[in-house]
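I am opening a notebook on a chain that is new to me, and I want to set down what I look up as I go. I will start with the chain as a whole and then turn to single elements and residues.

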Amino acid sequence: MSGSVDTLITARRREGGAAPLLDSPAVPTRDSLLMSMADIAQLAGVRRPVVTTWRRRYTDFPAPAVDGSAKPLFRAREVCDWLVETGRMERDVAELDLCLHTLSAWGEDLAPRDVIAAATSLVCLVALDGEPLTGATPCQLRDRAEEVDPDDVFLLTEVWSLPERPGHLLALVDELIEAAWGASDAFERLLAARGRFGARDLAARRPDPELGLLLAKLSGVAERAGHSASLTIADPAAGPGDLLVPLLGLLPESCAPIVLAADSDAYLARLLRRRLIVHGVPLDDQDVNTGPDLADGTGDSAEGPDALVTQIPYRPAENRSAMEVLHRIDDIAVRLADSSTAVVWGPADVLTGTLPRYSPEERTRAKLLASGLVEAVIRLPGGMLPFRPGYETALWVISPVRRTPLRGRMLVADVSDAPLTPAVVDALVTDVVTWRRAGHQPTEHTRTHCVDVEVAG
């Protein structure tokens, strides 16, 4: 949202709520929305020339509502119906994508972060109080927001900042929740579409979904959840929570998570709190710190997290400090308790590449690898950060196993020459979790991608 998060709500109350902080754009409905041919291609998941071919080849393709030779516009509802009737999209998928497209059209004149804040706050509000949005007045919305967030920790400011006449927006969010079969899926679809709303800074942080699942499974959280009523999971550089949500998805209903997280951006910290709430993690079980690291008292090794997943924040190669990356990994390793696991994703040139011989960076990395804490090192395919396709990455699995005959050895793998498919993810996970973790005998398993190597002391 525009302005300081800490002062927005105070300012709004002082103003008496007379005018919204956001401008009030004309809000289209799914039946009034017009689409360009590029929009249709995005909706259908095809390239732009395919739409030109459809229009030329099929006489039943919808006629333009505005027939300009340079940029004809089509009624979105007619296009959606045609795609469904011709078998090119499923009805539920088409309706969901049409909701998102309509939201992006509504937000064209607003800052992308404001659009995402408004929509996710409304979804979170419905998740908490169970009441629909359609027909609610601004005053009623603010009362509902104050009821669920009296201390303004995650959505009160955002609701006070909605347009003065948000009627169509409220109906659209209700439709989105219905089309997504619930608030949590609606929230996830909004964040998956962050690039469509123009939020390039947020989209640039979103990893490949298969990578998120790989990190979650390597953390061992699913195995631990089978014999624990509660687990603590953490990410000290959480952003909007793209690596935490896959962890939550692996937990059974019988295991209640406690989440430790941090991000220096107050906007992202509030967004993450909302995201955790719609996934069933109440505020009492969250500690989302607005800062560069987990809150004081959450990093002590005796009470550290059961599982930690994180990424080393992206830096261009010319601004990247190998020593800073390695120090960050060391900080993570020392906060882990026995039997905890951390999975750290970062730049391949530091984690697996060749460092200058005899340099401080090379010695620091060698010391970390020889500590016995590093369970596996995996070089990943390119494109794991889709908005930065040239960024090559790798991951370290860190597990402070003190007593094992495999101390002084680790697993290494290089899957950089193939896509990270579900089959590759499952094979990597099997390779790692059956190596030196409790309940497994290394000699009983054949490894698909990983090789057991000795670490030089």
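**Entry 1: the whole chain.** Before counting anything I fix one term: contact means heavy atoms within 4.5 Å. With that in hand, I looked up how contacts with a separation of 6 or more are spread in this chain, and I found that residues 24 or more positions apart account for 73% of them. I note here that I am working from a predicted model. The chain holds 19 helices and eleven strands, and of its 457 residues 53% are buried.

**Entry 2: helix H5 and its partners.** I looked next at helix packing, where two packed helices are described by the angle between their axes and the distance between the axes. Helix H2 (residues 37-44) packs against helix H5 (residues 91-106) at an angle of about 135°, and the two axes are 10 Å apart. That angle makes H2 oblique to H5, and the crossing of H2 past H5 is right-handed. On the H2 side I listed Asp39, Gln42 and Leu43, which meet Ala94, Asp97, Leu98 and His101 of H5. Sorted by character, the residues of this contact are three nonpolar, two polar and two charged.

I then turned to helix H4 (residues 76-85), which packs with H5 at an angle of about 155°, with the axes 9 Å apart. Angles over 145 degrees count as roughly antiparallel, and H4 and H5 are therefore roughly antiparallel to each other. H4 also passes H5 in a right-handed crossing. In H4 the residues Ala76, Arg77, Cys80, Asp81 and Val84 take part, and in H5 they meet Arg91, Ala94, Glu95 and Leu98. I sorted this contact of H4 with H5 into five nonpolar, no polar and four charged residues. Reading the two lists side by side, I see Ala94 and Leu98 of H5 in the contact with H2 and again in the contact with H4.

**Entry 3: helices H16 and H18.** The axes of helix H16 (residues 322-334) and helix H18 (residues 360-369) come within 9 Å and cross at roughly 20°, which makes H16 roughly parallel to H18. Their crossing is left-handed. I noted that H16 contributes Ala322, Met323, Leu326, Ile329 and Asp330, while H18 contributes Pro360, Glu361, Thr364, Arg365 and Leu368. The residues of this contact of H16 with H18 divide into six nonpolar, one polar and three charged.

**Entry 4: helix H6.** Helix H6 (residues 112-129) has 18 residues, and from its first C-alpha to its last I read a reach of 26 Å, close to the 26 Å expected at 1.5 Å a residue. How many of the 18 residues of H6 are buried? The count is 13, so H6 is largely enclosed by the rest of the structure. After H6 comes Gly130, which has a positive phi near 70°.

**Entry 5: two buried residues.** I picked Arg274, which is found in helix H15 (residues 266-278), and asked myself whether Arg274 counts as buried or exposed. Its relative accessibility is 0%, and since buried means under 20%, Arg274 counts as buried. Setting aside residues up to four places away in sequence, Arg274 touches Ala117, Thr120, Ser121, Cys124, Phe154, Leu155, Glu158 and Phe187.

Leu231, found in strand S3 (residues 230-235), is buried as well, with a relative accessible area of 3%. Beyond its neighbours within four places in sequence, Leu231 is in contact with several residues, among them Val221, Arg224, Leu251, Cys255, Ile258 and Asp306. I also noted that the C-alpha atoms of Leu231 and Pro305 are separated by 7.7 Å, although these two residues lie 74 residues apart along the chain.

**Entry 6: positive phi values.** Most residues other than glycine have a negative phi. With that in mind I recorded Asp152, whose phi is positive, near 55°. Asp152 sits in the loop between helix H7 (138-148) and helix H8 (156-160), and it is buried, with a relative accessible area of 13%. I also recorded Trp181, not a glycine either, with a positive phi of about 65°. Trp181 lies in the loop between helix H9 (167-179) and helix H10 (183-192), and at 74% relative accessibility Trp181 counts as exposed.

Methods. Residues are numbered from 1 along each chain as its sequence is written. This is a predicted model: local features need pLDDT of at least 70, side-chain atom pairs count only at pLDDT 80 or more; totals for chains, interfaces and linings use all residues. Side-chain values use heavy atoms; hydrogens and water are left out. Axes are lines fitted to C-alpha atoms, for helices over the stretch in contact, and angles run from 0 to 180 degrees between N-to-C directions. Helices (H or I, at least four residues) and strands (E, at least two) are DSSP runs, numbered from the N terminus. Angles under 35 degrees count as roughly parallel, over 145 as roughly antiparallel, 65 to 115 as roughly perpendicular and the rest as oblique. A crossing is left-handed if the near helix is turned anticlockwise from the far one by less than a right angle, and right-handed if clockwise. Ala, Val, Leu, Ile, Met, Phe, Trp, Tyr, Cys and Pro count as nonpolar, Asp, Glu, Lys and Arg as charged, and the others, Gly among them, as polar. Buried means under 20% relative accessible area, exposed over 50%, partly exposed in between (1.4 Å probe, protein chains only). The expected span of a helix is 1.5 Å times one less than its number of residues.
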